[in-house]
Amino acid sequence: MLPAQNVMLSYGRCCASPAFFDDFYQCFLASSPRVREKFAHTDMAAQRLLLRQGIMNLVLVARGLPATKLRQLGESHSRARLDIGPELYELWVACLLATLAQHDAEFSPALRQEWRDVLEAGIAVMHSHY
């Protein structure tokens with residue numbers, strides 16, 4: 001099976017866990033005062049839905065879909081708009097990988113690397129708009 005397919009299946013298993021997105025944000029918000037600052041006035045219920053879509057877009061681009069949504073996301077996270085710097089993406093990836101490992105019973109070192117590869121490719125698109 002291709003890495004992007006493995007990642008898609010893993011993501012499906014995690015989305016089936018009711019606490020997945022809450023656990024991610026618990027980890028992410030705890031990772032840095034700057035992260036907490038960025039989310040200080042955020043509707044977290046809406047943010048969880050945006051996260052769900054954002055991760056799906058990263059996976060779909062890895063499966064061959066155009067990066068249109070990731071470019072739009074990159075523009076919204078750019079220095080001129082939300083100012084989400086590269087260091088915050090590193091924390092985001094670390095927390096996502098930790099949460100995936102917690103919620104996917106089939107998570108393994110190989111699957112971790114496949115996730116990392118998928119995420120880094122999509123995040124590179126977003127970074128190009130910073």
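Which residue forms a salt bridge with R13? Select R13 and E106 together: E106 is the partner, and the closest N and O atoms are 3.6 Å apart. Keep in mind that you are looking at a predicted model.

Now colour by secondary structure. R13 sits in helix α1 (residues 3-15), while E106 is in the loop between α6 (86-103) and α7 (109-127), so this contact ties together parts that are 93 residues apart in sequence. Turn on the surface and check both ends: E106 counts as exposed, at 53% relative accessibility, whereas R13 is partly exposed at 26%.

Next stop: select R34 and D83. Their side chains meet in a salt bridge, 3.8 Å from N to O. This is another link between distant parts of the chain, with R34 in helix α3 (residues 33-38) and D83 in the loop between α5 (68-76) and α6, 49 residues apart. R34 counts as partly exposed, with 26% relative accessibility, and D83 is partly exposed too, at 24%.

Then move to helix α7 and pick R116 and E120, which lie four residues apart, about one turn of the helix. They form a salt bridge with the closest N and O atoms 3.7 Å apart. On the surface, R116 is partly exposed with a relative accessible area of 29%, and E120 is partly exposed at 44%.

To finish, go back to R13 and add D104 to the selection with E106: salt bridges that share partners join these three residues into one network. If you want to keep hunting, the structure holds six salt bridges.

Definitions and conventions. Residues are numbered from 1 along each chain as its sequence is written. This is a predicted model: local features need pLDDT of at least 70, side-chain atom pairs count only at pLDDT 80 or more; totals for chains, interfaces and linings use all residues. Side-chain values use heavy atoms; hydrogens and water are left out. A salt bridge is a side-chain nitrogen of Lys or Arg within 4 Å of a carboxyl oxygen of Asp or Glu. Helices (H or I, at least four residues) and strands (E, at least two) are DSSP runs, numbered from the N terminus. Buried means under 20% relative accessible area, exposed over 50%, partly exposed in between (1.4 Å probe, protein chains only).
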